[in-house]
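Hi,

Here is the structure I promised to pass on. Could you load it up and follow along with the notes underneath?

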Amino acid sequence: METQEYYQRTKNIEPRSWQQVRSLLEKDWMHLIGREDCITKEYEKHQSWLAGEWASINDYVLAKFFDFSVVTENGLKIAKNTKSETEELVYKITVNEYPYFVDKSISHYVLWSLSPLTPDKVESCLEKNFNSQQQE
């Protein structure tokens with residue numbers, strides 16, 4: 001059985017298999033999946049840029065993925081919702097711009113949501129998105 005120490009030692013050296021990813025997630029050890037060093041550097045650079053440009057990561061996410069308007073206050077960008085309630089986009093699925101170091105056969109997506117989602121709703125979102133892509 002692979003231990004936490006093993007995963008820590010190898011997290012930036014070898015890509016994780018699907019079986020390893022599942023095992024790590026089941027143990028709540030997501031931080032041990034790791035990213036390749038070059039991806040980690042890009043991620044940290046992006047985080048630094050966000051901290052200097054945006055009031056919060058949440059504001060950035062709302063503007064980028066949900067098309068909220070942007071205003072600047074005290075030199076930082078803030079997302080403002082100018083859409084009516086009936087126009088709301090509840091969730092969006094995107095390819096992870098800074099993926100974890102996993103086998104090349106694994107695609108890494110992020111599910112963004114404007115509100116908390118139950119496990120059933122997450123499943124429904126994924127089925128709707130990926131089943132419709134396969135049918136095209």
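Below is what turned up when I went through the aromatic rings.

Keep in mind that this is a predicted model. The count comes to 5 aromatic pairs. Take Tyr43 and Tyr98 to begin with: their ring centres are 5.6 Å apart and the planes sit at 65 degrees, so this pair is edge-to-face. It links distant parts of the chain, with Tyr43 in helix α3 (residues 37–53) and Tyr98 in the loop between β3 (91–95) and β4 (109–113), 55 residues apart. Tyr98 is buried, at a relative accessible area of 16%, while Tyr43 counts as partly exposed at 29%.

Next up, Tyr109 and Phe130. Here the centres are 4.9 Å apart and the planes are at 75 degrees; that angle is over 60, so the pair is edge-to-face too. Tyr109 belongs to strand β4 and Phe130 to helix α5 (residues 119–135), so the contact ties together parts that are 21 residues apart in sequence. Both rings are partly exposed, with relative accessibility of 35% for Tyr109 and 23% for Phe130.

There's also an aromatic cluster, made up of Trp49, Trp54 and Tyr60.

And which rings does Arg35 lie over? One is Tyr43, where the charged end of Arg35 sits 4.2 Å from the ring centre. Another is Tyr100: Arg35 lies over its face, at 4.4 Å from the centre of that ring. So Tyr43 turns up twice, once paired edge-to-face with Tyr98 and once under the charged end of Arg35.

Cheers

Definitions and conventions. Residues numbered from 1 in each chain as written. Predicted model: local features only at pLDDT ≥ 70, side-chain atom pairs only at ≥ 80, totals over all residues. Heavy atoms only, no water. Phe/Tyr/Trp six-rings, centres within 6.5 Å; stacked < 30°, edge-to-face > 60°. Helix = DSSP H or I, 4+ residues; strand = E, 2+ residues; numbered from the N terminus. Buried < 20%, exposed > 50% of the residue type's maximum accessible area, 1.4 Å probe, protein only. Lys NZ or Arg CZ within 6 Å of the ring centre and 35° of its normal.
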